[in-house]
Amino acid sequence: MDGLDTAGRKSAHSAEAAPSSDGRDWRNTFCSSALRRLSAAGGVRITGINLSAPLSPTDKDTIVRALAHHVVVFAEQSLSREQQFGFAANFGEVEVHGAHRGESKRYGVAHVMTNLDAEGNPTIRVSRAANYHWHTDKPYHPAPPLLTTLYAVEVPPIGGNTEFANTALAYNALPEDIKRRIAGLRVVFRPAFDASRPAVDHPLVRTHPDTGRKALYLGNHSSHIRGMPEAEGAALLAELLEHATQRHFVYVHRWRVGDLVMWDNRCLLHRVVAGEEMGKYRRVMHRSVVRGTVPV
């Protein structure tokens, strides 16, 4: 996009002592050695909490405050699908997966996401709806999710990473004339896997209900900008997406079995990195999604 400044920014993979994405020194945010900052683009790792057990008020408060860094990583967990669902329920109502199809059998447990075909063999699914595209979870809902938890059951020995792009940082980096241009615009979302579903529209620049910070809200399920010629709106969304997913706005998570990662869908895009290994090795993950509020 013309006028976007991309020079001189710190790598998202350095920065143990970088300021947090809200501008504060992360070392002053917590008083625990069990938390470690992961990148300048966001993310903290928490150790010393067993997610299979009920959370203490102190641990829950620590996790809520850690979400100020948008991505929270818990390593070396051992969780059943029911236990993962119970952990997610600490933070709000867990959505029923497949509810639009009338499904109910998965309620009460995390649902399974894999790269396996019907015979259980690894495969790369190339489609418009694949998770290899930058997206935020379920933006086509009137009230899209607050957060997602994803737990690693089986991961490839190499690859299969998940990338997270901080769209609050990306918005902050926009030139003022671009901010003025996009203020008040609304993006139309429809599921990429089902064009027959009703569309919804949300602000292109949404305000985080907890922090008041603004972030870009777009991604793979966005179809156009309401009230703008289709070609012009598509070009603007493509330019903003390219801007928001530059390396200095991105944290890359390299999965290990037992990792549980939770993230804030209100200010992040994410995608699975598609490589040849995804067609060779099994990748089995369990996911729970917590309902959010109507974006403003």
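pLDDT is the predictor's confidence in each residue, on a scale from 0 to 100. The structure above is a predicted model. The exercises below work through it part by part.

**Exercise 1. Confidence and overall make-up**

Task: State the mean pLDDT of the protein chain, and find where pLDDT stays under 50.

Solution.
- Step 1. Take the chain average. The mean pLDDT is 87.
- Step 2. Ask what share of residues reaches 70 or more. That share is 85%.
- Step 3. Look for the weak stretch. Over residues 1-33, pLDDT stays under 50. The model has 65 contacts for this stretch beyond four places in sequence.
- Step 4. Count the elements. The chain holds five helices and 15 strands.
- Step 5. Check burial and contacts. Of the 296 residues, 53% are buried. Among contacts with a separation of 6 or more, 79% join residues 24 or more positions apart.

**Exercise 2. The seven-stranded sheet**

Task: Give the strand order of the open sheet, and explain why one side of β1 and of β4 is left without a neighbour in the sheet.

Solution.
- Step 1. Read across the sheet. The order is β1-β2-β3-β13-β5-β15-β4, with mixed pairing.
- Step 2. Find the edges. β1 (35-37) and β4 (111-114) each have a single partner strand, so one side of each has no neighbour in the sheet.
- Step 3. Consider the twist. Neighbouring strands are turned by 25° against each other on average, direction ignored.
- Step 4. Recall how strands join. Strands of a sheet pair through backbone hydrogen bonds, either parallel or antiparallel.
- Step 5. Apply this to one edge. β4 pairs with β15 (residues 284-290) in the antiparallel sense, over four bridges. Thr114 has Val284 as its bridge partner in β15.

**Exercise 3. Two helices on the sheet**

Task: For α1 and α2, name the strands each helix touches, and show why the buried residues of each line one face.

Solution.
- Step 1. Place α1. This helix (residues 57-66) packs on the sheet and touches β1, β2 (44-46), β3 (71-74) and β13 (260-264). The direction of α1 makes about 165° with that of β2.
- Step 2. Place α2. This helix (residues 81-88) also packs on the sheet, touching β3, β4, β5 (147-154), β13 and β15. The direction of α2 makes about 30° with that of β15.
- Step 3. List the buried residues of α1. They are Thr62, Ile63 and Ala66. Seen down the axis of α1, they fall within an arc of 95°, so they line one face.
- Step 4. Ask what covers them. The cover includes β1, β2, β3, α2 and β13.
- Step 5. Repeat for α2. Gln84, Phe85, Phe87 and Ala88 are buried there. Down the axis of α2 their arc is 160°, so they too line one face of the helix.
- Step 6. Find their packing partners. The buried residues of α2 pack against α1, β3, β5, β13 and β15.

**Exercise 4. Two buried strand residues**

Task: Decide whether Ser288 and Pro203 are buried or exposed, and list what each touches.

Solution.
- Step 1. Locate Ser288. This residue is in strand β15.
- Step 2. Apply the cut-off. Buried means under 20% relative accessible area. Ser288 has 1%, so it counts as buried.
- Step 3. List its contacts beyond four places in sequence. Ser288 touches Gln84, Phe85, Ala88, Val94, Ala110, Leu147, Thr148 and Thr149.
- Step 4. Turn to Pro203, in strand β8 (residues 200-203). At 9% relative accessibility, Pro203 is buried.
- Step 5. List the contacts of Pro203 beyond four places in sequence. They are Leu185, Arg186, Tyr217, Pro295 and Val296.
- Step 6. Check one distance. The C-alpha atoms of Pro203 and Ala183 are separated by 8.6 Å, and these residues are 20 apart along the chain.

**Exercise 5. Aromatic pairs**

Task: Classify the pairs Phe87–Phe91 and Phe164–Tyr251.

Solution.
- Step 1. Start with the total. The whole structure has six aromatic pairs.
- Step 2. Take Phe87 and Phe91. Their ring centres are 5.3 Å apart and their planes stand at 75°, so the pair is edge-to-face. Both residues are buried.
- Step 3. Extend the group. Phe74, Phe87 and Phe91 form one aromatic cluster.
- Step 4. Take Phe164 and Tyr251. With 6.3 Å centre to centre and 15° between the planes, this pair is stacked.
- Step 5. Place the two rings. Phe164 lies in β6 (residues 162-166) and Tyr251 in β12 (residues 250-253), so the pair ties together parts 87 residues apart in sequence.
- Step 6. Check burial. Phe164 is buried at 1% relative accessible area, and Tyr251 is buried at 6%.

Notes. Residues numbered from 1 in each chain as written. Predicted model: local features only at pLDDT ≥ 70, side-chain atom pairs only at ≥ 80, totals over all residues. Heavy atoms only, no water. Pairing = 2+ DSSP bridges. Axes fitted to C-alpha atoms, helices over the stretch in contact; angles between N-to-C directions. Contact = heavy atoms within 4.5 Å. Buried < 20%, exposed > 50% of the residue type's maximum accessible area, 1.4 Å probe, protein only. Arc of directions from axis to C-beta. Phe/Tyr/Trp six-rings, centres within 6.5 Å; stacked < 30°, edge-to-face > 60°.
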